[in-house]
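Biologist: Could you pick one part of this model and take a close look at it for me? I'd like to hear how it sits with the rest of the chain.

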Amino acid sequence: MPSDEFNKAAEDAKKLTVKPSDSDLLELYGLFKQVTVGDVNTERPGMFDMKGKAKWDAWNSRKGVSASEAEQLYIAKVKQLQGQ
């Protein structure tokens with residue numbers, strides 16, 4: 001169960017005034033999925049789904065990271081993007 005601090009960071013991420021780079025968005029996505037779902041549990045998308053593969057790879061790169069560690073990394077990344 002995600003913490004209140006994580007849920008607040010997830011809301012804050014939606015309200016960023018500057019659009020994060022694609023690599024930052026993928027990092028946030030991978031961490032978010034690791035916290036909310038755990039290790040990747042789907043097959044990698046096909047070769048024509050570039051966006052889906054990038055998101056899957058970002059999530060899979062967090063395989064084995066505990067939910068609590070992924071939460072802290074996610075929160076820190078959102079704060080970094082907010083300029084804090």
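Modeller: Let's start with E69, which counts as partly exposed because its relative accessibility is 45%. The scale here is simple: under 20% relative accessible area is buried, over 50% is exposed, and partly exposed is in between, with a 1.4 Å probe and protein chains only. E69 sits in helix 4, and that helix, residues 67-82, is the part I'd like to walk you through.

A word on ground rules first. This is a predicted model, so local features need pLDDT of at least 70 and side-chain atom pairs count only at pLDDT 80 or more, while totals for chains, interfaces and linings use all residues. Residues are numbered from 1 along each chain as its sequence is written, and side-chain values use heavy atoms, with hydrogens and water left out.

For the setting, the chain has 4 helices and 0 strands, giving α-α-α-α when you read along the sequence. Helices are DSSP runs of H or I with at least four residues, strands are E runs of at least two, and both are numbered from the N terminus. Of the 84 residues, 32% are buried. The C-alpha trace spans about 40 × 30 × 15 Å along its principal axes. The radius of gyration is 13 Å, which agrees with the value near 12 Å for a compact globule of 84 residues; that radius is taken over C-alpha atoms, and the globule rule is 2.2 Å times the number of residues to the power 0.38.

Back to helix 4 and its distant partners. The C-alpha atoms of E69 and L31 are 9.3 Å apart, although 38 residues separate the two along the chain. Further on, V78 and K8 are 70 residues apart in sequence, with 10.0 Å from C-alpha to C-alpha. K8 belongs to helix 1 and is exposed, because its relative accessible area is 51%.

Now for the rings. Rings of Phe, Tyr and Trp (its six-membered ring) pair if their centres lie within 6.5 Å; planes under 30 degrees apart are stacked, over 60 edge-to-face, and the rest tilted. By that rule there are 3 aromatic pairs. One of them is F6 with Y74: the ring centres are 4.9 Å apart and the planes meet at 50°, so the pair is tilted. F6 lies in helix 1 (residues 4-14) and Y74 in helix 4, so this pair ties together parts that are 68 residues apart in sequence. Both F6 and Y74 are buried. Y74 also forms a tilted pair with F32, at 6.1 Å centre to centre and 55° between the planes. That second link runs from helix 2, where F32 sits, to helix 4 across 42 residues. Put together, F6, F32 and Y74 are joined by ring pairs into a cluster. Burial varies within this cluster: Y74 is buried because its relative accessible area is 5%, whereas F32, at 31%, is partly exposed.

Helix 2 comes up again with D24, which is found there. Leaving aside neighbours within four places in sequence, D24 is in contact with K77 and L81, contact meaning heavy atoms within 4.5 Å. At 16% relative accessibility, D24 counts as buried.

What about the two ends of helix 4? On the far side comes G83, in the segment after the helix. G83 is exposed because its relative accessibility is 65%, and its C-alpha atom lies 10.0 Å from that of L16, 67 residues away along the chain. On the other side, K63 is in the loop between helix 3 and helix 4. K63 is exposed too, with a relative accessible area of 54%. Not counting residues up to four places away in sequence, K63 touches Q34 and D39. With D39, the C-alpha separation is 5.0 Å at 24 residues apart in sequence.

These long-range links fit a chain-wide count: among contacts between residues at least 6 apart in sequence, 72% join residues at least 24 apart.
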